[in-house]
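Student: I should like to learn how to read the features of a structural model. Please take me through the general ideas and then through the case at hand.

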There are 2 protein chains.
Amino acid sequence: MEGEWWMAQKQYHVAVVGATGAVGQQMVRTLEDRNFPVGKLTLLSSERSAGKKMRFRSEEIEVQAASPERFDGVDIALFSAGGAVSKALAPEAVRRGAIVIDNTSAFRMEENVPLVVPEVNESDLTWHNGIIANPNCSTIQMVVALEPIRKAFGLERVIVSTYQAVSGAGAQAIEELNEQTKAVLEGKPVEANILPVKSDRKHYPIAFNAIPQIDKFQDNGFTFEEMKMINETKKIMHMPELKVAATCVRIPVASGHSESVYIEIEQDGVTASDLQAVLREAPGVVLQDDPSEQLYPMPAHCVGKYDVFVGRIRRDLDNRRGFHLWIVADNLLKGAASNSVQIAESLLKLGLI
Amino acid sequence: MEGEWWMAQKQYHVAVVGATGAVGQQMVRTLEDRNFPVGKLTLLSSERSAGKKMRFRSEEIEVQAASPERFDGVDIALFSAGGAVSKALAPEAVRRGAIVIDNTSAFRMEENVPLVVPEVNESDLTWHNGIIANPNCSTIQMVVALEPIRKAFGLERVIVSTYQAVSGAGAQAIEELNEQTKAVLEGKPVEANILPVKSDRKHYPIAFNAIPQIDKFQDNGFTFEEMKMINETKKIMHMPELKVAATCVRIPVASGHSESVYIEIEQDGVTASDLQAVLREAPGVVLQDDPSEQLYPMPAHCVGKYDVFVGRIRRDLDNRRGFHLWIVADNLLKGAASNSVQIAESLLKLGLI
């Protein structure tokens with residue numbers, strides 16, 4: 001579909017690390033769906049998941065336990081198996097000549113690692129040193145919507161409250177949501193072992209609940225998820241001075257993150273229609289904004305799509321340079337898998353691999 | 001429990017209009033639970049629900065079809081049967097000598113109708129003319145938390161994003177959430193007939209979804225629910241100049257509204273601990289704020305409680321007078337039924353009835 005320009009090009013040896021996870025599975029599907037020129041696909045996982053088989057195009061591929069040697073001959077390695085695995089194995093993959101596109105937070109804020117959303121800062125790919133970081137899911141969809149606004153009108157401030165799906169916490173969290181939901185409906189006791197943070201001490205049910213904690217807490221009272229949104233947004237948009245605040249909340253949705261975003265732009269005299277006009281033409285954005293038709297984005301409608309959906313655009317009633325937006329995207333696709341594959345596509349397009 | 005001061009006082013004839021609805025049922029329970037001095041209880045409803053029986057204390061009371069004559073002899077009438085019913089019958093009740101406490105939006109913004117949250121503006125009850133309005137659910141819990149902050153440090157600005165439970169749309173919406181959820185889990189087709197707004201043209205599933213529409217849209221792009229939060233907050237807090245913005249979102253929770261609230265206060269040099277100290281002592285507020293213990297409010301924990309729960313208090317990283325809070329309450333109780341009964345208690349305490 002979007003791949004004609006590389007037809008008849010070289011085929012690449014791609015590895016997916018964490019292939020059996022919620023994001024890994026979507027990476028494999030996205031490589032196929034977007035016709036990425038995969039000559040060979042290596043699927044890697046933990047020892048526990050090794051031996052499983054996954055379908056790619058018409059092939060069945062056996063998943064192998066990840067180890068440094070598995071990266072011999074790999075051109076592009078997509079990592080999504082947690083920060084510890086990336087820290088241990090990404091340098092090994094780079095040493096063996098692979099370019100790593102890492103979906104964990106392991107390297108995102110390192111100065112010599114570009115943090116890339118192709119619609120926003122594709123040109124940062126030119127200075128990579130083997131590792132390219134894929135931003136946090138909730139950050140990606142927000143900057144895709146904010147960058148065209150920044151370009152047109154300037155941007156001074158962002159305050160976001162998120163409505164995040166459980167799939168951001170992995171396949172186990174989806175299972176937990178389903179099992180808890182069944183238990184509630186059947187009047188049975190509810191068990192919580194995964195959310196809000198598997199490795200944290202306390203766990204709370206997410207079924208028919210909202211949990212205002214994603215990732216662990218920092219000393220400043222913000223969670224790591226909130227600080228990721230704050231710091232990554234500044235880095236991706238090249239705006240260290242941008243004011244960003246975030247409150248990240250998990251809700252009982254399987255997939256699809258939503259965000260209520262308040263922004264203040266630089267320019268005066270801009271209307272909601274001006275913002276709509278800009279977003280209607282923006283790459284990777286689908287404008288869904290017509291109150292008279294009850295048209296606005298919702299997670300249930302965005303699942304399986306690569307785009308970022310924006311609606312509910314309206315000017316603040318007190319601040320002429322303030323606007324409210326509602327931004328929704330599939331957190332496993334644009335928030336993770338498809339952004340990673342898009343980075344690989346950009347590398348090809350720019351002749352960087 | 002909280003009622004000793006009126007022991008041995010007069011007993012009152014109380015009517016509940018909309019008794020069989022989600023809020024009406026909680027009104028009956030709350031009157032009993034808080035030992036309100038009910039001498040006689042009249043339960044009123046639509047023709048359709050008339051004849052049903054409801055338990056109050058040890059009695060079974062038959063629900064009657066509402067009509068003007070039913071208010072003969074009634075001292076206090078709690079209305080929660082929709083704006084049309086309030087507009088038609090509240091003046092009739094007042095004409096017959098009742099004080100009306102109205103939970104609909106019918107009279108809230110009328111100049112000669114006090115809009116009351118007892119913890120915030122109890123003294124507005126002194127100038128009522130027969131009708132007292134109970135604010136919108138999402139407004140009530142927010143002002144209970146903001147008023148003590150305003151008193152201590154001043155308040156300039158509020159930006160709120162809500163996470164609202166379906167019970168705010170009535171008993172049918174709870175049923176719809178449950179049925180849709182079952183259908184999704186069983187892989188069956190999902191039907192939507194109630195949410196986001198029963199009388200609006202389009203309906204969307206709420207199960208495993210988030211809907212950024214509560215009540216219909218106004219021409220300015222905000223929904224009526226959002227405008228209620230904006231206008232009612234100003235009226236209750238006596239702050240016509242307060243900057244308030246709201247984005248109201250329905251999530252798949254049965255009961256318990258949550259709110260992500262950003263505020264800017266007047267005073268400089270205030271810390272999150274200062275806000276915690278004020279809220280710890282505030283009437284009707286329970287502070288649940290200890291990140292080191294993963295302690296924060298959640299809707300699943302607030303159901304059945306009369307209080308407003310506040311946590312996640314932290315200072316904004318860019319604005320020294322900016323703070324973020326997470327506010328949760330049972331929308332059927334403090335957001336509706338128990339605030340109405342508290343208004344009645346205040347009338348008694350102040351000798352206004």
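The dialogue below treats the interface, the salt bridges and the annotated positions in turn.

Student: What should be known before reading any value?

Tutor: This is a predicted model, in which local features need pLDDT of at least 70 and side-chain atom pairs count only at pLDDT 80 or more, while totals for chains, interfaces and linings use all residues. Residues are numbered from 1 along each chain as its sequence is written, chains are lettered from A and ligands numbered from 1 in the order in which they are written, and side-chain values use heavy atoms, with hydrogens and water left out.

Student: How is the interface between chain B and chain A described, and what is the area buried there?

Tutor: The size of an interface is often given as the accessible area lost when the parts come together. Buried area is the accessible area (1.4 Å probe) that two parts lose on being put together, summed over both. Here about 5300 Å² is buried between chain B and chain A, and carbon and sulfur atoms give 58% of that area. In chain B, the residues that lose the most area to chain A are B:F208, B:Q294 and B:R312, together 13% of what that side buries.

Student: How many residues of each chain are in contact?

Tutor: Contact means heavy atoms within 4.5 Å. By that criterion, 63 residues of chain B are in contact with 63 residues of chain A.

Student: How many residue pairs between chain B and chain A are in polar contact?

Tutor: A polar contact is a pair of N or O atoms within 3.5 Å; within protein, one must be able to donate a hydrogen and the other to accept it, and residues adjacent in sequence count only if both atoms are side-chain atoms. Between chain B and chain A there are 38 residue pairs in polar contact, both residues at pLDDT 80 or more. The side of chain B that touches chain A comprises 31 nonpolar, 17 polar and 15 charged residues. In this classification Ala, Val, Leu, Ile, Met, Phe, Trp, Tyr, Cys and Pro count as nonpolar, Asp, Glu, Lys and Arg as charged, and the others, Gly among them, as polar.

Student: Where does B:R157 lie, and is B:R157 buried or exposed?

Tutor: Buried means under 20% relative accessible area, exposed over 50%, and partly exposed in between (1.4 Å probe, protein chains only). B:R157 lies in strand β9 of chain B and is buried, with a relative accessible area of 8%. Strands (E, at least two residues) and helices (H or I, at least four) are DSSP runs, numbered from the N terminus. The side chain of B:R157 makes a polar contact with the side chain of A:Y262 at 2.5 Å. Beyond its neighbours within four places in sequence, B:R157 is in contact with residues including A:R157, A:E264 and B:E264.

Student: How are salt bridges to be read, and how many does the structure hold?

Tutor: Side chains of opposite charge can pair when their charged atoms come close. A salt bridge is a side-chain nitrogen of Lys or Arg within 4 Å of a carboxyl oxygen of Asp or Glu. The structure holds 38 salt bridges over all chains, and the count between chain B and chain A is eight. A:R157 and B:E264 meet in a salt bridge with an N to O distance of 3.2 Å.

Student: Which parts of chain A does the pair of A:K334 and A:E119 link?

Tutor: The side chains of A:K334 and A:E119 form a salt bridge at 2.8 Å, N to O. This pair links distant parts of the chain, with A:K334 in helix α9 (residues 333-349) and A:E119 in helix α3, 215 residues apart. Both A:K334 and A:E119 are buried. By contrast, A:E186 and A:K188, which meet in a salt bridge at 3.0 Å, are each partly exposed at 49% relative accessibility.

Student: What surrounds A:R108, an annotated position?

Tutor: UniProt positions are given in the numbering used here, feature names are shortened, and annotations may be inferred rather than shown by experiment. An unreviewed UniProt entry places the feature "binding site" at A:R108. A:R108 lies in the loop between β7 (99-102) and α3 (118-121) of chain A and counts as buried because its relative accessible area is 4%. Leaving out residues up to four places away in sequence, A:R108 touches A:N134, A:K228 and A:E232, among others. Its side chain reaches the backbone oxygen of A:N134 at 2.9 Å.
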